[in-house]
Amino acid sequence: MSSDASSAPRRDLSAAAPVRLSSIEVRLIELTLVRPFETSFGRMDARVVPLVRMVADGVEGWGEIVADHQPLFSAETITTARHVLTDCFIPELLTRTLSSVADVAAALRRFKGHQMAKAGLELAFMDLAARTRGVSISEAIGGTRARVPVGVSLGIEKDVETLVAQVLAHVAQGYQRIKLKVKPGWDIDIVRTVRDAYPDGLLSVDANSAYTLAHASHLQQLDAFDLLMIEQPLAHDDMVDHAALQAQLRTDICLDESIIHTRAAAHALALGSCRLINIKIGRVGGYTEALGIHDVCLERDAPVWCGGMLECGIGRAHNLALASLPNFSLPGDISASKRYWARDVLTRPFEVDADGTVGVPTGPGIGVEIDQAFLDEITVDRQVFHA
Ligand code: OSB
Ligand code: MG
């Protein structure tokens with residue numbers, strides 16, 4: 001680890017002056033994936049994306065909520081997010097004066113769970129706060145990279161030939177790491193075939209909780225393929241069985257679903273449940289916990305990388321800011337806009353360079369321009385709450 005990475009980055013998550021929000025908007029937009037995405041828990045063809053927009057003194061801030069229709073990745077859904085936002089979180093925030101993202105986290109702390117809904121609010125406030133100071137979010141949180149290395153997450157396909165074609169097409173575009181979704185029946189043989197076609201590159205697998213500890217000897221077969229990691233093999237809320245499994249695997253376990261806050265990250269590293277962690281800002285409730293997890297992992301010499309939830313350009317801009325922090329030392333699941341959407345919600349979609357990197361936005365806040373006309377066109381619901 002470089003000495004840069006071990007000194008705490010400079011951070012300022014505050015607004016230029018204390019903020020009284022005049023309104024919070026919750027909007028749903030509908031986007032269709034260019035290609036269905038299948039994981040061990042199901043298949044997605046489209047997303048309804050809840051967006052949060054905050055306004056104060058003529059400055060706006062945007063956040064994205066990564067919940068889906070059904071509780072398949074975590075217990076949250078789009079409907080539960082709208083419920084807690086409308087009935088609990090937004091009324092709370094509209095009565096407060098908020099100086100920084102920490103005040104948003106503090107205002108919501110007594111409410112249990114619902115990290116994805118909370119993240120929508122923290123992200124919008126972070127964007128607004130950085131804009132009031134004229135700095136990018138990357139700069140505000142102490143980011144140190146202008147470009148970040150990226151990989152691609154490839155879903156389960158109808159046959160391995162189709163998957164190998166996907167792998168080679170993305171390697172040709174520059175992606176620095178390939179991640180394969182796996183489940184019982186789509187694992188050892190698939191990984192062997194892909195490994196033969198892609199012998200030297202960074203390769204990982206993600207099971208999204210498809211296995212149990214009874215699969216330990218089955219999963220040991222993956223040790224033969226020099227994988228960068230196996231992501232979340234066991235239950236979404238487990239730490240103990242993952243520790244038992246990690247003791248039996250040479251391949252590093254990376255936890256995704258199990259890491260819902262900083263304390264969970266500290267526990268997982270202390271228990272030996274994983275050797276690295278995927279940080280998803282939506283899964284953990286926003287910047288407060290994402291930065292906390294980043295720091296805990298830095299202290300324990302555990303690498304982190306930025307996960308993805310098929311975000312539109314707004315969530316992707318936040319992910320890029322986060323991934324510019326020093327301990328994000330492995331390629332993130334931050335692919336080009338066109339890997340997901342025929343048209344993104346930004347005037348300039350995100351692109352991956354031939355060297356497998358994406359530029360971190362440098363403009364104020366999320367640093368990207370929202371294509372407002374297109375956003376309005378794909379909006380299916382909009383509610384505005386006033387102070
Ligand atoms: O487990 O990382 C995951 C997408 C939806 C839900 C869960 C996951 C994923 C991905 C896609 O792997 C990552 C991306 O946004 O490209
Ligand atoms: Mg995952």
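**A magnesium site, an open sheet and the salt bridges around them**

In this predicted model, the magnesium ion (ligand 2) takes its protein donors from Asp 206 (OD), Glu 231 (OE) and Asp 256 (OD), which lie 2.0 to 2.3 Å from the ion. Along the chain, these donors of the magnesium ion follow the spacing D-x24-E-x24-D. Glu 231 belongs to strand S10 (residues 229-231), whereas Asp 256 sits in the loop between strand S11 (253-255) and helix H10 (262-271), so the pair ties together parts that are 25 residues apart in sequence. Glu 231 and Asp 256 are both buried.

Elsewhere in the chain, an open sheet is built from four strands in the order S4-S3-S2-S15, and the pairing is antiparallel. Its edges are formed by strand S4 (59-64) and strand S15 (379-386), each of which pairs on one side only. From one strand to the next, the twist averages 25°. As a general point, the strands of a sheet pair through backbone hydrogen bonds, and they may do so in a parallel or an antiparallel manner.

It is useful to follow this sheet pair by pair. S2 and S3 run antiparallel and are joined by 13 bridges, and the connection between S2 and S3 is a hairpin that passes through two residues. Across this pair, Glu 38 stands opposite Arg 43 in S3. Strand S3 (residues 42-56) is in turn joined to S4 by six bridges, again with the two strands antiparallel, and here Val 52 is the residue that stands opposite Gly 63 in S4. S3 and S4 also form a hairpin with two residues between them, and in the turn Asp 57 has a positive phi of about 50°. Helix H12 (residues 313-323) lies across S3 and S4, and H12 runs at about 90° to S4.

What else links S3 to S4, beyond their backbone pairing? Glu 64 forms a salt bridge with Arg 47, in which the closest N and O atoms are 2.7 Å apart. Because Glu 64 lies in strand S4 and Arg 47 in strand S3, this pair ties together parts that are 17 residues apart in sequence. Both members of the pair, Glu 64 and Arg 47, are buried.

This contact belongs to a wider set, since a search of the whole structure finds 27 salt bridges. Another of them joins Lys 179 to Asp 333, with the closest N and O atoms 2.6 Å apart. The pair links distant parts of the chain, for Lys 179 is in strand S8 (residues 177-181) and Asp 333 is in the loop between H12 and strand S14 (357-359), at a separation of 154 residues. Lys 179 is buried, as is Asp 333.

A further salt bridge is formed by Arg 275 and Asp 252, where the closest N and O atoms are 2.6 Å apart. Here too the pair links distant parts of the chain: Arg 275 is in the loop between H10 and strand S12 (276-279), while Asp 252 is in the loop between helix H9 (240-246) and S11, 23 residues apart. The relative accessibility of Arg 275 is 36%, so Arg 275 counts as partly exposed, and Asp 252, at 23% relative accessibility, likewise counts as partly exposed. Salt bridges that share partners also join Glu 25, Arg 27, Arg 53, Glu 60, Asp 127, Arg 131, Asp 376 and Arg 382 into one network.

The last element to consider is helix H6 (residues 160-172), which has 13 residues and reaches 18 Å from its first C-alpha to its last, close to the 18 Å expected at 1.5 Å a residue. The buried residues of H6 are Val 160, Thr 162, Leu 163, Val 164, Gln 166, Val 167 and His 170. What covers these buried residues of H6 includes strand S2 (23-39), strand S7 (152-154), S8 and helix H7 (188-197). In this way H6 is covered in part by S2, which is itself a strand of the open sheet, and in part by S8, the strand that holds Lys 179. After H6 comes Gly 174, whose phi is positive, near 110°.

Key
Residues numbered from 1 in each chain as written. Chains lettered and ligands numbered in written order. Predicted model: local features only at pLDDT ≥ 70, side-chain atom pairs only at ≥ 80, totals over all residues. Heavy atoms only, no water. Donors = N, O, S within 2.8 Å, 3.2 Å for Na, K, Ca; no water. Buried < 20%, exposed > 50% of the residue type's maximum accessible area, 1.4 Å probe, protein only. Pairing = 2+ DSSP bridges. Axes fitted to C-alpha atoms, helices over the stretch in contact; angles between N-to-C directions. Contact = heavy atoms within 4.5 Å. Salt bridge = Lys/Arg side-chain N within 4 Å of Asp/Glu carboxyl O. Expected span 1.5 Å × (residues − 1).
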